[in-house]
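Hi,

Here is the structure I said I'd pass on. Have a look at it first, and my notes follow below.

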Amino acid sequence: MLLLSVHSAAVPNMAMVEGVDNEKIAKHLDRAVSSLGRNPLKVLVQVNTSGEVSKSGVEPANCLELVKYVKSQCPNLEFSGLMTIGMPDYTSTPANFKALSNCRTEVCKALGIKEEQCELSMGMSGDFEQAIEMGSTNVRIGSTIFGPRDYSKKQAN
């Protein structure tokens with residue numbers, strides 16, 4: 001998915017990429033956007049708030065460091081906020097959302113940004129209402145629209 005995001009930066013009218021979770025991805029996106037000569041691409045830094053090894057995302061303790069890197073070293077990227085993906089069974093939902101909200105508070109305080117200017121992308125089809133209640137500005141409800149995912153094919157590989 002992240003590889004797709006890097007190549008997708010070559011789409012001139014793309015508005016945003018969610019899921020920047022390390023400096024290498026940020027650097028690749030920055031170069032791709034630069035080669036197009038377009039306005040900066042909005043990005044959300046992905047934070048692994050559930051602690052699952054199967055999830056991408058920077059650890060919450062390293063979130064500020066990655067945001068600072070994007071802001072200082074990637075002139076063709078515009079830091080726009082944070083995102084997270086919780087556990088598939090939603091058991092960690094409140095804790096994940098609170099952890100991302102805490103990261104936003106830390107990032108905004110350190111960088112002098114108003115929290116309202118820093119998006120929070122959290123919540124999926126099964127927990128988007130709670131995500132909105134807890135401050136999410138962006139929810140991902142693909143399963144509600146397109147139906148549930150079939151993970152059996154992925155596990156068979």
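What kind of unit do E1, helix H2 and E2 make? Keep in mind that this is a predicted model. The answer is a right-handed β-α-β unit, with H2 covering residues 23-36. Its two strands, E1 and E2 (residues 41-46), run parallel and are joined by four bridges. If you want one pair to click on, Met16 has Lys42 in E2 as its bridge partner. E1 spans residues 16-20 and is mostly covered, with four of its five residues buried.

Next, the loop that runs between E2 and helix H3 (63-73), which is where Asn48 is found. Asn48 counts as buried, at 5% relative accessibility, and its side chain has polar partners on the backbone. A polar atom of that side chain lies 2.8 Å from the backbone nitrogen of Gly51, and one lies 3.3 Å from the backbone oxygen of Lys55. Beyond its neighbours within four places in sequence, Asn48 is in contact with Lys55, Ser56, Gly57, Val58 and Pro60.

Then the cysteines. How many disulfides does the structure hold? Zero. Two of the cysteines are worth a look here. For Cys103, the closest cysteine sulfur is in Cys63, and at 4.4 Å that is too far for a bond, because a disulfide needs the two sulfurs within 2.5 Å. Cys108 has its closest cysteine sulfur in Cys118, 4.1 Å away, so that is too far as well. Both residues are covered: Cys103 is buried at 4% relative accessibility, and Cys108 is buried with a relative accessible area of 3%.

Cheers

Key. Residues numbered from 1 in each chain as written. Predicted model: local features only at pLDDT ≥ 70, side-chain atom pairs only at ≥ 80, totals over all residues. Heavy atoms only, no water. Buried < 20%, exposed > 50% of the residue type's maximum accessible area, 1.4 Å probe, protein only. Pairing = 2+ DSSP bridges. Right-handed = clockwise from strand over helix to strand, strands pointing away. Polar contact = N/O pair within 3.5 Å; in protein donor to acceptor, adjacent residues only side chain to side chain. Contact = heavy atoms within 4.5 Å.
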